[in-house]
Amino acid sequence: MSAINIVTERGPRTFKAVKAVKGGQIVMAGDGGVEPATADAEKVIGVAITDGGPQTAPEDNNLVVQKPEHVAVAYSGMEVYLETTAQLTFGDKVGADAEGKAKAYSAGSVVGVVTDQAPSATRALVRLD
């Protein structure tokens, strides 16, 4: 019997950030890494756990503070609290808005399902797809 190697048994998984990403933002596949999701994104990877972004060149006589180039991303089956654009309800499917926040699903990839029985107007616990 043949077998395959399991690459990642549990997450999160680390990806290169090709645009500035904030922890808690829904991220999608970009050119060579992840970036904040756009409205109704089709290529959602998960939710960034940490901040990160591309590295910038040093500048003479200026202190350049770099964010990490790679970010940890939560995905499939994990539950995370997400910032929402409006009140969601228990069991709602979640999609991405233009700033990488959670919204009621309308198109694109389903990010996950609200598992919070009493979400607030700006925050909900979501089990990621």
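Visitor: Which residues have the most contacts inside the largest nonpolar core?
Guide: This is a predicted model, so keep that in mind throughout. Its largest nonpolar core holds 17 residues. The ones with the most contacts inside that core are Ile26, Leu82, Val94 and Leu128.

Visitor: Which strand gives this core its largest share?
Guide: Strands E2 (26-29), E6 (79-83), E7 (93-96) and E10 (123-128) each supply at least two residues of the core. The largest share is three residues, and the strand behind it is E10.

Visitor: What does leucine 82 touch, leaving out residues up to four places away in sequence?
Guide: Leu82 is one of the residues with the most contacts inside the largest core. It also sits on the covered face of E6, together with Val80. Beyond its sequence neighbours, Leu82 touches Gly24, Ile26, Val47, Ala102, Thr122, Arg123, Ala124 and Val126.

Visitor: And which residues make up the uncovered face of E6?
Guide: E6 has two faces, and Val80 and Leu82 belong to the covered one. The uncovered face is made of Glu79, Tyr81 and Glu83.

Visitor: Which residue in E10 is the bridge partner of glutamate 83?
Guide: E6 and E10 pair in the antiparallel sense, over five bridges. Glu83 belongs to the uncovered face of E6. Its bridge partner in E10 is arginine 123.

Visitor: How many residues are in the second, separate core?
Guide: This core includes Val27, Ala48, Val71 and Val73. Val73 touches two of those residues, Val27 and Ala48. The size of the second core is seven residues.

Visitor: Is valine 73 buried or exposed?
Guide: Val73 is found in strand E5 (residues 70-74). Buried means under 20% relative accessible area. Val73 comes in at 0%, so it counts as buried.

Visitor: How far apart in space are valine 73 and alanine 48, C-alpha to C-alpha?
Guide: Along the sequence, these two are 25 residues apart. Ala48 is nonetheless on the contact list of Val73, along with Pro12, Arg13, Phe15, Val27, Ile45, Gly46, Val47 and Ile49. The C-alpha to C-alpha distance is 4.4 Å.

Visitor: Lysine 103 carries a charge; is it buried or exposed?
Guide: Lys103 has its place in strand E8 (residues 102-104). Its contacts include Asp40, Thr85, Leu88 and Lys93, as well as Val94, Gly95, Ala96 and Asp97. The cut-off for buried is under 20% relative accessible area. Lys103 has 17%, so the label is buried.

Visitor: What is the phi of aspartate 40?
Guide: Asp40 lies in the loop between strand E3 (34-36) and strand E4 (44-48). At 25% relative accessibility, it counts as partly exposed. Though Asp40 is not a glycine, its phi is positive, at about 55°.

Visitor: Is asparagine 61 buried or exposed?
Guide: Asn61 lies in the loop between E4 and E5. Here too a residue that is not a glycine has a positive phi, about 60°. Exposed means over 50% relative accessible area. With 81%, Asn61 counts as exposed.

Visitor: Where is valine 18, and what is its relative accessible area?
Guide: Val18 has its place in the loop between strand E1 (13-16) and E2. It touches Gly30, Asp31, Gly32, Gly33, Val34, Glu35 and Pro54, not counting residues up to four places away. Val18 is partly exposed, with a relative accessible area of 25%.

Visitor: How far in space is valine 18 from alanine 102?
Guide: Ala102 is among the residues that Leu82 touches. Val18 and Ala102 are 84 residues apart in sequence. Their C-alpha to C-alpha distance is 21 Å.

Visitor: Zooming out, how many helices and strands does the chain have?
Guide: Reading along the sequence, you get the pattern β-β-β-β-β-β-β-β-β-β. The C-alpha trace spans about 55 × 50 × 20 Å along its principal axes. The tally is zero helices and ten strands.

Visitor: How far apart are the centres of the positive and negative side chains?
Guide: The chain exposes about 7800 Å², with carbon and sulfur atoms supplying 51% of that. As for charges, there are 12 positive and 16 negative side chains. The centres of the two sets lie 3 Å apart.

Note on methods. Residues are numbered from 1 along each chain as its sequence is written. This is a predicted model: local features need pLDDT of at least 70, side-chain atom pairs count only at pLDDT 80 or more; totals for chains, interfaces and linings use all residues. Side-chain values use heavy atoms; hydrogens and water are left out. A nonpolar core is a set of buried Ala, Val, Leu, Ile, Met, Phe, Trp, Tyr and Cys residues joined through side-chain atoms within 4.5 Å. Buried means under 20% relative accessible area, exposed over 50%, partly exposed in between (1.4 Å probe, protein chains only). Helices (H or I, at least four residues) and strands (E, at least two) are DSSP runs, numbered from the N terminus. Contact means heavy atoms within 4.5 Å. Two strands pair if DSSP finds at least two bridges between them. Accessible areas come from the Shrake-Rupley method with a 1.4 Å probe; for residues, only the protein chains shown count as cover. Lys and Arg count as positive and Asp and Glu as negative; His and the chain ends are not counted. The place of a charge is taken as NZ of Lys, CZ of Arg, CG of Asp or CD of Glu.
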